[in-house]
Amino acid sequence: MTDPVWASIHAERAALAADLAGLTEEQWATPSLCSGLTVREVLAHLTASASLNAVRWMAGVIRCRFDFDRQVAVRLAEHLGTTPAETLERFRSVVASTTKPPLPVVAMLGETLVHGEDIRRPLGLRRDHPVEAVTRVAAYYQGSDQVVVARSRVAGLRLVADDGPFTSGTGPLVSGPTLALVMAMTGRTACCDDLDGEGVELLRSRCGAGTV
């Protein structure tokens, strides 16, 4: 039986590859929601994550002397390719991959979904993600600081999705689409504009540039 989380990851990757098929050179150079990275570079980062097992991840960490930011930069450069077309083709080659670093599978779904939006939003592209997948990611992030600081960012806030079943926490209300809640809790300030409630400004103050 196919793992439903991996099925969601593969669907998200395939949808992103399809959305990016017609980009111009200028669009590939658009700044993403990840500070300092273009949409092309974020896509290469996704390829790297889908190509990196636990052994290779640890070897890279040791080689980078436990500088995790450097490890991310090195792996991104490995998968960027010489042209945007090559970057996209490399990503397509890992759409069905189940290779991952030593992280929960749901963290890979979160990375795929969030970075997909890091790419799409600046390009004016839209995807209606399955609410089940986005809800699963929201539930993971609200309880974890493992991959990105999310649990601490939403501490003392009540999160309520208006398009699905996700709710979490107590305190000043932050409500809106589940996707916007996910993006905000992972630090994407721009996505706070899609949220309502007395807790939004507190959440906004805890956000910053998106991280990889």
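User: Which residues are buried in helix 3?

Analyst: In this predicted model, helix 3 covers residues 39-49, and 10 of its 11 residues are buried, so the helix is largely enclosed by the rest of the structure. A residue counts as buried when its relative accessible area is under 20%. By that cut-off, the buried residues of helix 3 are Val39, Arg40, Val42, Leu43, Ala44, His45, Leu46, Thr47, Ala48 and Ser49.

User: In what order do the elements of the chain run from the N terminus on?

Analyst: The chain holds 10 helices and three strands, and it has 212 residues, of which 49% count as buried. Written from the N terminus on, with α for a helix and β for a strand, the order is α-α-α-α-α-α-α-α-β-β-β-α-α.

User: Against which elements do the buried residues of helix 9 pack?

Analyst: Helix 9 spans residues 178-185 and is mostly covered, since eight of its eight residues are buried. Those residues are Thr178, Leu179, Ala180, Leu181, Val182, Met183, Ala184 and Met185. Taking contact to mean heavy atoms within 4.5 Å, their partners are helix 7 (105-123), helix 8 (131-142), strand 1 (158-161), strand 3 (173-176) and helix 10 (200-206).

User: Which element supplies the largest share of the lining of the second largest pocket?

Analyst: About 400 Å³ of space lies in the second largest pocket, and of the 17 residues that line it, the closest to its centre are Glu117, Arg126, Arg127, His129 and Leu179. Helix 7, helix 8 and helix 9 each supply at least two residues of this lining. The largest share, four residues, comes from helix 9.

User: How many charged residues does the lining of the second largest pocket have?

Analyst: The lining can be sorted by class, with Asp, Glu, Lys and Arg counted as charged. Eight of the lining residues are nonpolar and two are polar, while the number of charged residues is seven.

User: Why does the pair of Tyr140 and Tyr141 count as tilted?

Analyst: The count of aromatic pairs comes to one. The ring centres of Tyr140 and Tyr141 lie 5.4 Å apart and their planes stand at 50°, so the pair is tilted. Planes under 30 degrees apart would count as stacked and those over 60 as edge-to-face. Both tyrosines are buried, and the angle that decides the class of their pair is 50°.

User: How many Å apart in space are Pro101 and Leu52, C-alpha to C-alpha?

Analyst: Pro101 is found in the loop between helix 6 (84-92) and helix 7, and it is buried, with a relative accessible area of 8%. Although Pro101 and Leu52 are 49 residues apart in sequence, their C-alpha atoms are separated in space by 5.5 Å.

User: Which residues does Ser168 touch, not counting residues up to four places away in sequence?

Analyst: Ser168 lies in strand 2 (residues 167-168), and with a relative accessible area of 13% it is buried. Once residues up to four places away in sequence are set aside, the residues that Ser168 touches are Gln142, Leu157, Arg158 and Leu159.

User: What percentage of the contacts in the chain with a separation of 6 or more comes from residues 24 or more positions apart?

Analyst: The pair of Pro101 and Leu52, 49 residues apart in sequence, shows what a separation along the chain means. Among the contacts with a separation of 6 or more, the part that residues 24 or more positions apart account for is 62%.

Notes
Residues numbered from 1 in each chain as written. Predicted model: local features only at pLDDT ≥ 70, side-chain atom pairs only at ≥ 80, totals over all residues. Heavy atoms only, no water. Buried < 20%, exposed > 50% of the residue type's maximum accessible area, 1.4 Å probe, protein only. Phe/Tyr/Trp six-rings, centres within 6.5 Å; stacked < 30°, edge-to-face > 60°. 1 Å grid on protein atoms, 1.4 Å probe; cavity = no way out; pocket = protein on both sides within 12 Å on 5 of 7 lines; lining within 4 Å. Points joined across faces, edges and corners; volume = space filled by probe spheres on them.
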